[in-house]
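User: Please take a close look at one strand of this model and follow what lies on either side of it. I would like one connected account rather than a list.

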Amino acid sequence: MNGIATTLTSWNAGRTRLTAPPRATFTNLARGATLGQAGNSAQQRRVLEATLALLAQDAPLEPVYLDEQSQ
Amino acid sequence: MEIFEDRDQWLAKFREGWLAHWQETGQFDWKRYPHPKNREAPAGPGLDLSRSRLVLISTAGAYLPGDGQLPFDAPNPLGDYTIRLFPAATALDRLAFAHGHYDPTAVEADPQVLVPLRHLESLAAEGVIGELAPSVISFMGYQPVVTRVVDELIPAILEATDAQQADAALLVPA
């Protein structure tokens, strides 16, 4: 199977790290609200843009921690 | 490289531990669950996203009931390994979610917390993303049988990404 360039973001750094993803951002956001708080478009965009930006780099990358909180 | 390292060892532990306990008692004991581990991450070149087609892959259990799509089998204790496709242009208020393993309050109030289609459209309009793939690939991320993820789910996802000629994927787990 051939893959394509992939990136992800997760609120669960511990479990996600175990799977060795090629590119990832990790946050302190909540389960069920992976990209940010409901109604907080600015936060959602920040997480999204930081996660997509990783696609420019060759994989594998060390995961990037984002200072994004659920409250 | 292997998508899932130590597959046979994982399956033996899963069968002897979590699965056997559930079959005997009907109870989930997540302390018995062998979380999958890989040592080697996939390698590959980066790309210029502004010249690429991006596909969104969501584990939120989103589906389109108005188009006759059936919900995922959320109550199934052994998970659901099927996918649904729906247009990236879908109005967010047409989506429904069948998952059962996360609190849906946020996604029901604002679907973009898990399915950021309007944000991705904006990023495409701004030139950050070349274009969005026509369809979102959606599944329900409660899938305790990892061998079924490898044998059933991943081939279906790859078929869908190939059919859309996607260059890159954004995975948003729930």
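Analyst: In this predicted model, strand β1(A) pairs with strand β2 (residues 24–28) of chain A in the parallel sense, over three bridges. Within that pairing, A:L8 has A:A24 in β2(A) as its bridge partner. Helix α1(A) belongs to the connection here: β1(A), α1(A) and β2(A) form a β-α-β unit that is right-handed.

β1(A) also pairs with a strand of the other chain. Its partner there is β7 (residues 168–172) of chain B, again in the parallel sense, over four bridges. A:L8 appears in this pairing too, standing opposite B:L171 in β7(B). A:L8 thus faces A:A24 in β2(A) and B:L171 in β7(B).

Moving on from β2(A), the next pairing is with strand β3 (residues 64–69) of chain A, which is parallel and has three bridges. In it, A:T25 stands opposite A:V64 in β3(A). The unit made by β2(A), α2(A) and β3(A) is left-handed, whereas the one made by β1(A), α1(A) and β2(A) is right-handed.

The pairing with β7(B) is one part of the contact between the chains. In total, 34 residues of chain A are in contact with 37 residues of chain B. On the chain A side, the elements that give two or more residues are β1 (5–10), α1 (13–18) and α2 (41–53). Of these, β1(A) gives the most, with six residues. By type, the chain A side divides into 17 nonpolar, 13 polar and four charged residues.

As for the partner chain, chain B has four helices and seven strands, in the order α-β-β-β-β-α-α-β-β-α-β along the sequence. Its C-alpha atoms fill a box of roughly 55 × 35 × 25 Å along the principal axes. Chain B has 174 residues, of which 33% count as buried. Among its contacts between residues at least 6 apart in sequence, 77% join residues at least 24 apart.

One helix of chain B shows where some of its buried residues sit. In α3 (residues 117–125) of chain B, the residues B:L117, B:L120 and B:L123 are buried. These three lie on the same side of α3(B), because they cover an arc of only 120° around the axis. The cover over the buried residues of α3(B) includes β1 (53–58) and β5 (131–132) of chain B. Just after α3(B), B:G127 takes a positive phi of about 90°.

Key. Residues are numbered from 1 along each chain as its sequence is written. Chains are lettered from A and ligands numbered from 1 in the order in which they are written. This is a predicted model: local features need pLDDT of at least 70, side-chain atom pairs count only at pLDDT 80 or more; totals for chains, interfaces and linings use all residues. A residue is buried if 20 or more other C-beta atoms lie within 10 Å of its own, exposed if 12 or fewer, and partly exposed in between; C-beta atoms are placed from the backbone. Two residues are in contact if their C-beta atoms, placed from the backbone, lie within 7 Å. The arc is that of the directions from the helix axis to the C-beta atoms. Ala, Val, Leu, Ile, Met, Phe, Trp, Tyr, Cys and Pro count as nonpolar, Asp, Glu, Lys and Arg as charged, and the others, Gly among them, as polar. Two strands pair if DSSP finds at least two bridges between them. A crossover is right-handed if, with the strands pointing away from the viewer, the path from the first strand over the helix to the second runs clockwise.
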